[in-house]
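The following note is offered for the colleague who is examining this entry. The numbered points deal in turn with side-chain contacts at rings, the sheet, the helices on it and the nonpolar cores.

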Amino acid sequence: MAKTIYLIQHAEAEHHLNGMVGSWTDWPLTAKGRKQAENIAKNLYPYIKEKDFTLISSDLMRSIETLAPLAELLHQKPIIDPRIKEIGFGIACGKSREWFRQNAAKCPENADPEEHKSFPDAESFGDLHRRVSAFLEDILASEKENFVICGHGASLSRLYTAFLQLDPKKFELSGKAAGVSLLLQMNNGKRLIQFCNDMSFSVMCNS
């Protein structure tokens with residue numbers, strides 16, 4: 001079945017400015033981030049208003065707040081799915097990035113970096129990839145055709161990789177806060193990223 005999937009990387013949040021770890025710490029958007037979210041909603045709305053789009057957000061505040069203006073325009077309540085939240089860094093949540101750098105365990109030379117955990121209670125990138133891949137499989141198997149999904153840098157990076165069926169040990173796509181991407185799956189199963197991390201949605205308003 002054909003799918004149209006808009007991906008939004010959450011807008012600027014407080015941890016982008018205060019030197020703290022993002023991860024599962026529930027940082028809100030900054031004033032700039034709230035404006036980016038408003039612009040994304042106004043710019044994206046004309047492309048999706050004529051079709052039935054399902055809105056999905058991670059369960060973290062910065063993702064929910066990014067999607068809120070678009071949800072208001074569409075008179076929808078987004079589905080909350082924790083599988084697309086940021087990678088979990090365990091005890092590093094609530095700590096500074098400097099603390100993280102000083103205390104994170106280094107990956108042993110002969111270990112698989114994909115399964116390495118920075119802290120005993122953290123996720124590995126393999127853990128992240130598996131939960132994001134499971135989320136994507138559910139989206140692609142859904143009877144619904146159109147989605148707007150708001151997530152995070154690491155989770156969306158792995159979603160791109162899973163969508164293109166790439167080996168995450170060899171390939172990675174990354175974006176910036178408030179970037180918008182468009183993923184398409186054709187009826188014949190071919191997959192296409194039409195555009196990736198387009199920042200214009202967040203900084204200007206189409207007439």
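1. A charge is taken to sit over a ring if NZ of Lys or CZ of Arg is within 6 Å of the ring centre and within 35 degrees of the ring normal. In this predicted model, Lys95 lies over the face of Trp99, at 5.0 Å from the ring centre. A further case involves Trp24: the charged end of Lys85 is placed over its ring, 4.2 Å from the centre.

2. Trp99 also takes part in ring pairing, since ring pairs link Phe89, Trp99, Phe100 and Phe119 into a cluster. The count of aromatic pairs comes to six. In the pair formed by Phe100 and Phe119, the ring centres are 5.5 Å apart and the planes stand at 70°, so the arrangement is edge-to-face; the cut-off for that class is over 60 degrees. Phe100 belongs to helix α3 (residues 97–103), while Phe119 lies in the loop between α3 and α4, so the pair ties together parts that are 19 residues apart in sequence.

3. Are Phe100 and Phe119 buried or exposed? The threshold for buried is under 20% relative accessible area. Phe100, with 19%, is buried, and Phe119, at 4%, is buried as well.

4. The sheet is open and consists of six strands in the order β3-β2-β4-β1-β5-β6, with mixed pairing. Its edge strands are β3 (79–80) and β6 (191–198), each of which pairs on one side only.

5. Strand β5 (residues 180–185) deserves a separate comment. Towards β1 (residues 3–9), the pairing is antiparallel and extends over six bridges. Among the bridge partners, Ile8 is matched with Val180 and Lys3 with Gln185. Towards β6, five bridges are found, and these two strands also run antiparallel; Leu182 stands opposite Phe195 of β6. The hairpin made by β5 and β6 has five residues between the strands, and Gly189 in the turn has a positive phi of about 95°.

6. How many of the six residues of β5 are buried? Six of the six are, so the strand is largely enclosed by the rest of the structure. In a regular strand the side chains alternate between the two faces of the sheet. Both faces of β5 are covered: Val180, Leu182 and Leu184 are buried on one side, and Ser181, Leu183 and Gln185 are buried on the other.

7. Two helices on the sheet may be described together. Helix α2 (residues 61–74) lies across β1, β2 (53–57), β3 and β4 (146–151), and runs at about 160° to β2. Helix α5 (residues 153–163) packs on the sheet and touches β1, β4, β5 and β6; its direction makes about 155° with that of β6.

8. The largest nonpolar core has 27 residues, and those with the most contacts inside it are Ile5, Leu7, Ile149 and Leu159. Two or more residues each are contributed by β1, α4 (125–141), β4 and α5. Leaving aside residues up to four places away in sequence, Leu7 touches Ile149, Leu156, Leu159, Tyr160, Gly179, Val180, Ser181 and Leu183. A second core, separate from the first, has 23 residues, including Ala13, Ile40, Leu55 and Leu184.

Methods: Residues are numbered from 1 along each chain as its sequence is written. This is a predicted model: local features need pLDDT of at least 70, side-chain atom pairs count only at pLDDT 80 or more; totals for chains, interfaces and linings use all residues. Side-chain values use heavy atoms; hydrogens and water are left out. Two strands pair if DSSP finds at least two bridges between them. Helices (H or I, at least four residues) and strands (E, at least two) are DSSP runs, numbered from the N terminus. Contact means heavy atoms within 4.5 Å. Axes are lines fitted to C-alpha atoms, for helices over the stretch in contact, and angles run from 0 to 180 degrees between N-to-C directions. A nonpolar core is a set of buried Ala, Val, Leu, Ile, Met, Phe, Trp, Tyr and Cys residues joined through side-chain atoms within 4.5 Å. Buried means under 20% relative accessible area, exposed over 50%, partly exposed in between (1.4 Å probe, protein chains only). Rings of Phe, Tyr and Trp (its six-membered ring) pair if their centres lie within 6.5 Å; planes under 30 degrees apart count as stacked, over 60 as edge-to-face and the rest as tilted.
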